[in-house]
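The following exercises guide a reader through a structure step by step. Each task is followed by a worked solution.

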Amino acid sequence: MPSLTAPYAPPHLSPSPTQEKLDYAELAVIDLSKAQDAQGRAELAVQVSQAMQTHGFFYVVNHGYTSAQTDRMFDIADVPFSAVESDEKLLYTAKMKENGSYQGYKPKSYWHIDNGVHDQLEHYNINRDVTKRQHPEAVRPFLGEIEAFARHVHFNVLHPVLRLLALGLELPEDALVDLHGFSSVGETYVRFMKYYPRSEEDELKTKNVWLKGHSDFGTITVLYSQPVAGLQILGQDGQWKWIKHIENALVINAGDALEFLSGGYYRATIHRVVQPPVDQQNYTRLGLFYFAMTDDQVKLVPFSESPVLQRVSITPRFNDADAPTMEAWRKGRTSAYGQSQLKATGEGKVEEEVINGVVVKHYN
Ligand SMILES: O=C(O)CCC(=O)C(=O)O
Ligand SMILES: [Fe+2]
């Protein structure tokens with residue numbers, strides 16, 4: 001709840017959800033309030049494990065933030081875009097290619113989508129330690145709230161989810177939590193993201209793709225559900241399904257690092273963003289995320305002591321000796337994404353690039 005002393009952020013007006021009948025993915029809804037006792041965690045672990053082995057995505061409700069608290073974070077999320085002039089944005093642009101890091105702005109048009117068309121979205125990324133870098137003047141009054149938000153997601157969402165995932169592997173509950181220290185060296189960060197409507201020509205040339213199909217490179221991504229449809233996930237049947245908006249819910253998915261740590265048992269599902277349906281086509285689309293990674297020095301090898309992984313046949317992506325650390329993987333993915341010359345394969349639908357010796361696929 002904004003208190004009387006909280007700095008003013010213009011209210012972000014959230015549009016009505018689409019009325020279009022879309023082909024939605026049927027994802028599990030995890031009630032996180034049940035994770036408070038061991039019995040509840042055991043039950044949720046079964047659901048979460050199942051979800052991560054199939055869709056790689058699930059919803060979380062009862063995560064501890066009221067709708068008003070979430071709304072306030074969306075108001076703040078718009079500040080780096082609406083309240084900062086382009087000259088000042090330039091000073092805080094992320095050095096993605098040089099440093100392999102998104103910290104700061106990812107400017108519009110940085111990524112190539114298709115047929116010479118570049119993206120029309122910008123994001124602003126803030127490490128959970130908000131003091132690590134300087135921020136635009138308009139963002140500074142909100143840093144305390146942004147850090148409190150990061151702490152909330154880290155301890156009340158990320159860690160509980162990681163405990164369920166560890167239980168799903170029959171590991172000690174804190175096996176994954178221990179790799180995700182809030183104060184450790186690592187890049188886990190808050191992202192604000194804004195998509196802008198595009199020209200008809202760009203829509204045609206990209207077949208309506210706004211953000212190409214990709215897997216996230218960390219362990220867990222926490223996405224705050226918002227009403228402008230566009231996010232789709234690639235099902236095991238090869239079909240794209242839409243993600244439905246649920247008021248004040250979170251959409252959680254696994255990234256590469258969790259896939260590596262679980263020998264592929266938990267899936268880093270490919271997802272993308274496409275043009276919203278007709279009744280939402282003139283809207284901007286504002287996103288609020290927490291991208292979690294393990295601590296930088298963690299080597300991304302499977303938990304071979306997991307009785308579950310011993311029972312099922314897993315397919316590690318690397319020989320243990322060649323496995324990258326979290327730091328190497330995130331830097332490699334960040335510096336190459338949307339920049340490297342991709343090689344079209346098959347019918348031109350999948351493109352591949354090699355990062356740290358591993359083939360990474362991009363889907364149109
Ligand atoms: O905007 C969205 O809904 C998803 C964005 C996304 O997949 C990403 O930033 O990695
Ligand atoms: Fe993503």
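**Exercise 1. The surroundings of V222**

Task: Determine which residues V222 is in contact with, leaving aside its neighbours within four places in sequence, and place V222 in the nonpolar core.

Solution. The model examined here is a predicted one. Beyond its sequence neighbours within four places, V222 is in contact with V153, V157, L158, L250, I252, F289 and Y290. The next step is to turn to the core. The largest nonpolar core has 86 residues, and V222 is listed with L165 and L250 as having the most contacts inside it. Helix α5 gives the most to this core, namely 12 residues.

**Exercise 2. Helix α2**

Task: Compare the span of helix α2 with the expected value, and establish where its buried residues lie around the axis.

Solution. Begin with the length. Helix α2 covers residues 67-82, and at 1.5 Å a residue its 16 residues should span 22 Å. The end C-alpha atoms are 22 Å apart, which agrees. Next, list the buried residues of α2: R72, M73, I76, A77, V79 and P80. Viewed down the axis of α2, these buried residues fall within an arc of 145°, so they line one face of the helix. The face turned away from the buried side of α2 carries the exposed residues S67 and A68. Finally, identify the packing partners: the buried residues of α2 pack against β6 (121-127), α5 (143-168), β7 (189-195) and β14 (285-292).

**Exercise 3. Helix α1**

Task: Describe the length of helix α1, its buried residues and what covers them.

Solution. Helix α1, residues 38-54, has 17 residues. From its first C-alpha to its last, α1 reaches 24 Å, close to the 24 Å expected at 1.5 Å a residue. Within α1, the residues L44, A45, V48, S49, A51 and M52 are buried. The cover over the buried residues of α1 includes β1 (29-31), β2 (57-61), α5 and β12 (250-254). Just after α1, G56 takes a positive phi of about 75°.

**Exercise 4. Three residues and their exposure**

Task: Decide whether A254, A94 and S184 are buried or partly exposed.

Solution. The cut-off is needed here: a residue is buried if 20 or more other C-beta atoms lie within 10 Å of its own, and exposed if 12 or fewer do.

- A254 lies in strand β12. With 29 C-beta neighbours inside 10 Å, A254 counts as buried. Not counting residues up to four places away in sequence, A254 touches M52, G56, I220, E259, Y266, R267 and A268.
- A94 is found in the loop between α3 (86-91) and α4 (96-99). A94 has 21 other C-beta atoms within 10 Å and is therefore buried. A94 and D174 are 80 residues apart in sequence and 33 Å apart in space, C-alpha to C-alpha.
- S184 lies in the loop between α5 and β7. S184 has 14 other C-beta atoms within 10 Å, so S184 is partly exposed. The C-alpha atoms of S184 and T294 are separated by 9.1 Å, although these residues are 110 apart along the chain.

**Exercise 5. The shell around ligand 1**

Task: Name the residues around ligand 1 and state how they divide by character.

Solution. The residues around ligand 1 are M193, L211, D216, L223, L231, H271, V273 and G287. Sorted by character, this shell around ligand 1 divides into 5 nonpolar, 2 polar and 1 charged.

Methods. Residues are numbered from 1 along each chain as its sequence is written. Chains are lettered from A and ligands numbered from 1 in the order in which they are written. This is a predicted model: local features need pLDDT of at least 70, side-chain atom pairs count only at pLDDT 80 or more; totals for chains, interfaces and linings use all residues. Helices (H or I, at least four residues) and strands (E, at least two) are DSSP runs, numbered from the N terminus. The expected span of a helix is 1.5 Å times one less than its number of residues. The arc is that of the directions from the helix axis to the C-beta atoms. Two residues are in contact if their C-beta atoms, placed from the backbone, lie within 7 Å. A residue is near a molecule or strand if its C-beta atom, placed from the backbone, lies within 6 Å of it. Ala, Val, Leu, Ile, Met, Phe, Trp, Tyr, Cys and Pro count as nonpolar, Asp, Glu, Lys and Arg as charged, and the others, Gly among them, as polar. A nonpolar core is a set of buried Ala, Val, Leu, Ile, Met, Phe, Trp, Tyr and Cys residues joined through C-beta atoms within 7 Å.
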